[in-house]
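These are my notebook entries on a structure that I wanted to read element by element. I begin with a sheet, go on to helix pairs, and end with the chains.

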Amino acid sequence: MSVLPMSKVNIIGLKNDRKKILEYIQKIGILEVKDCQYDAGLENVDTAVAQSKFQKVKDDLLQALNILETYDAEGKSIFYILQGKRTFFRSDYEGLVAKREQIIDVARDVLNLKKQIDDKKMQILKLMDQIDELKPWQDLSIAMNIKGTDKTKVVFGTLSENYTKERITLVLKEAGEKLGADKTVEDLYVDIINTTKVKTHIAVICKKEQLEEVENVLRYIGFIESQIDCDKTPTSKIGELRKKRQEIKSEIYNCEKSIYEAAKFSDDIKFLTDYYTMRIDKYEVIEKLGQSQSTFVLSGFAPTNVVEKLGKALCEKWDVVFEHTVSSEEDNPPILLKNNSISEPLEGVLETFSLPGRGEIDPTVVMSMFYYFLFGIMLSDAGYGVLIVLACSIALWRFPKMGDVMRRALKMYLYCGISTTFWGVMFGGYFGDAVQVISTTFFNKEVVIKPLWFSPMEEPMRMLMFSLLVGIIHLFAGLGMKLYSCIKAGNLKDALYDVIFWYMLVGGAIVFLLTTKMFTDMAGLNFTLSANVGKVAIGFMIVGAIGIILTSGRSSKNPFKRIAKGMYGLYNVTGYLSDILSYSRLLALGLATGVIANVFNKMGSMFGDGILGGIAFALVFALGHTLNIGINLLGAYVHTNRLQFVEFFGKFYEGGGEKFSPFKVDTAYFEIKND
Amino acid sequence: MVIMDNLGIVFALLGAAISALLAGIGSAVGVGMAGEAAAGVVTEEPQKFGKVLILQLLPGTQGIYGLLIAFITLSQIGILGGGNASVSFRAGLLYFVACLPMGFVGLWSAIRQARAAVAGINLVAKRPEQMGKAIIFSAMVETYAILALLISILAIVGIPALGV
């Protein structure tokens, strides 16, 4: 359990070796590069232009990959997230790097093809619109751009209602009378081409000289002239458009075929994105170097335990000066944690809170023990626990190369699952009361698996007391962590003032409560400590309280202010009360798992026995318990985190450290191995 | 007094129903609110689906607690499980009162928790590494739902021992 000590490192080398040295450092990945600290005549090189150029190429490659994946989705298994990086041998590396222009061309072709496909799809949409527009005019046997003959005019258009021939004649007549154009209307010829529910498409033929009057009449009855301009009959125009659509479709098909063919390059493209990621990272580092005419200086941090080896390796290979000193707190070194394999999965959880700040200890080990313990009590079902353990271990075993974050999470759930199984056995939960329900429903015999300890559902008060006891232990462990770090830092006074007094006050109060009959009756305890113990406990409490009043305002010089602050410090004892009560969630969440599991079992058993009943039970059982595991896994995760972050960390831990992020090969798809 | 005695079970069931109703409504509203915010984030960044989903589900627990109280009440008064316990008027009222904390606190806390969850979802949209803290802000609210659940459970489980 510890924060690894860091060393400050300065490497001074020749510019000619810069590329090689940086690549070597990137490959071993144990050095975090910081801005160079020497400024005597050294210059920084601005690499922003090169970086953005590479970023552009990388973006193109990623986009092309995205396109290839949408067209070639079947190759992807649902477990791809677990598969992790593939291995790539260094001997193939140079060959692919040499081919990079070619691969980039493939990727840009893919982007181009995709763009063409999108354009063509737009064209098809336009064609479809045109076809839809022409469809009502299909019965017309002349081209629609015909304006008329020597003596007549033709107008095409729509009326915005469903008309019959008789009704149109009637409406036209009325309009003609109103506008004083009855004669003109009589000479009109109207033909209905097509009717729909809301529209009537008509052709109107009139004498040339009457056109203006006819237009007035038509406008009056709500006629809109068609805007279609085509020199063929509608039917043949539609045929032509359909043919064109077919052609574009086959062009799209060809483009898609080319994309499918490019899919065989997708591994190369992935490799190349990794390659550009590495180059961008390298240029970012180059920006931080201090450079003179022919030398460069690299400053950074590396874990102290490997720093000697790093220096030796560098000095053997190149002419470099390698300085290193163990960093002090003032340097604000980045944080790298080192823990045993059982606690290590929780480093991720700690990171979501905050890494240890200046001079703080690494709480991972103590936290991990409580984490698994509390998580198990909250879920507390042996059936669920075994399922979680199986799922996590199978995933860990089948996919050995998965990413670090995933592996940590699965390992954490594996240990949580073991704890869940343990508490399930203690409290008698096996998929809720599934054993009992199945045996009574299908075999007419009641089989009950007795809890090894007690059943929280039957004795909730006992479970509540146990939960609060766990809480007190957890909180006192938090105070203990503070004690440890105070002593380690040599602040014995702080240890006494901030920890021992609180132990006396809170511990004394708890012991005193146990001597009062009222409390033990309420808590259902079958013992009461003797009154003499109570007197001693009160003594401890008073000493603790006075100590806190006198010392917790010790940062102020003014004695009145000091006492006032001390009184406020004592007020924090209410915080302990709510902290302890907060652990009642162990009872509530444990009961929630059990009761909901029982509800599903009961629902399943309502279909009775027999084969059909069995099938129905199996279905309800599978669905219900999957749901219950999901909900309660989330609940247990969230509330275990809360107890750790708020109650436990509140006693001693602030965090604020910066994560150690070494300059390394940070690829997404491949890891490169020397063969 | 016969009528009064018959009313016992009605009040007990009313309590169970109120607990499931109010807490369920709270969670439904809450999960809905958080879901809207989560969908907004996913339109921009689909890869954050897993993160915002967890935050969306947080206000959902109150509904489950309400169900839990309703279920315990139903099995205590013999509606579930086929027991034939007769519920006196007094006991019925006691069950009713015992269910109230979960119902009311469940309703309000789910909605307030949802607002914290929505804020958390916005936080995750901008700074995904702060996920742990976003969860904690929302989970702080749930403490009070858990305390209400606790009181309701203890009261309901304690009523038969009173012998009323």
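**Entry 1: the sheet in chain A**

I looked up strand β5 (residues 152–159) of chain A and found that eight bridges join it to strand β7 (residues 200–207) of chain A, the two running antiparallel. I note at the outset that this is a predicted model, and I read every value below as computed from it.

I then went through individual partners along β5(A). T152(A) has K207(A) as its bridge partner in β7(A), while G157(A) stands opposite I202(A) in β7(A). β5(A) is also joined to β8(A), here by three bridges and again with the strands antiparallel, and on that side I224(A) in β8(A) is the bridge partner of T158(A).

Where do these strands stand in the order of the sheet? I wrote down an open sheet of four strands in the order β6-β7-β5-β8 (chain A), with antiparallel pairing. β6 (189–195) and β8 (223–225) of chain A are at the edges, and because each has a single partner strand, one side of each is left without a neighbour in the sheet. From one strand to the next the twist averages 35°.

I also checked what packs on this sheet, and found helix α8 (residues 211–220) of chain A, which touches β5, β7 and β8 of chain A. The direction of α8(A) makes about 155° with that of β7(A).

**Entry 2: two partners of α23 in chain A**

Next I took helix α23 (residues 585–605) of chain A and looked at its packing against helix α13 (residues 364–379) of chain A, where the axes are 6 Å apart and the angle is about 45°. An angle of this size falls outside the ranges for roughly parallel, antiparallel or perpendicular, and α13(A) and α23(A) are therefore oblique to each other. The contact brings L374(A), I377(A), M378(A) and L379(A) of α13(A) to L586(A), L589(A), G590(A) and T593(A) of α23(A). By class, I counted six nonpolar, two polar and no charged residues in this contact of α13(A) with α23(A).

The other partner I examined is helix α16 (residues 434–443) of chain A, whose axis comes within 10 Å of that of α23(A) and crosses it at roughly 15°. Since angles under 35 degrees count as roughly parallel, α16(A) and α23(A) are therefore roughly parallel to each other. I recorded their crossing as right-handed. Here A434(A), V437(A) and T441(A) of α16(A) meet N601(A), K602(A) and S605(A) of α23(A), and the residues of the contact divide into two nonpolar, three polar and one charged.

**Entry 3: domains and chains**

From the domain assignment of chain A I copied domain 1 (145–227) and domain 2 (460–583). The centres of these two domains of chain A, taken over C-alpha atoms, are separated by 97 Å.

Which elements of chain B supply the side that touches chain A? I first noted that 22 residues of chain B are in contact with 22 residues of chain A. On the chain B side, α2 (49–57), α3 (61–76) and α5 (131–162) each supply at least two residues, and α5(B) gives the most, with 13 residues. By class, that side of chain B has 19 nonpolar, three polar and no charged residues.

Key
Residues are numbered from 1 along each chain as its sequence is written. Chains are lettered from A and ligands numbered from 1 in the order in which they are written. This is a predicted model: local features need pLDDT of at least 70, side-chain atom pairs count only at pLDDT 80 or more; totals for chains, interfaces and linings use all residues. Two residues are in contact if their C-beta atoms, placed from the backbone, lie within 7 Å. Ala, Val, Leu, Ile, Met, Phe, Trp, Tyr, Cys and Pro count as nonpolar, Asp, Glu, Lys and Arg as charged, and the others, Gly among them, as polar. Domain bounds come from an automatic or database domain assignment. Two strands pair if DSSP finds at least two bridges between them. Axes are lines fitted to C-alpha atoms, for helices over the stretch in contact, and angles run from 0 to 180 degrees between N-to-C directions. Angles under 35 degrees count as roughly parallel, over 145 as roughly antiparallel, 65 to 115 as roughly perpendicular and the rest as oblique. A crossing is left-handed if the near helix is turned anticlockwise from the far one by less than a right angle, and right-handed if clockwise.
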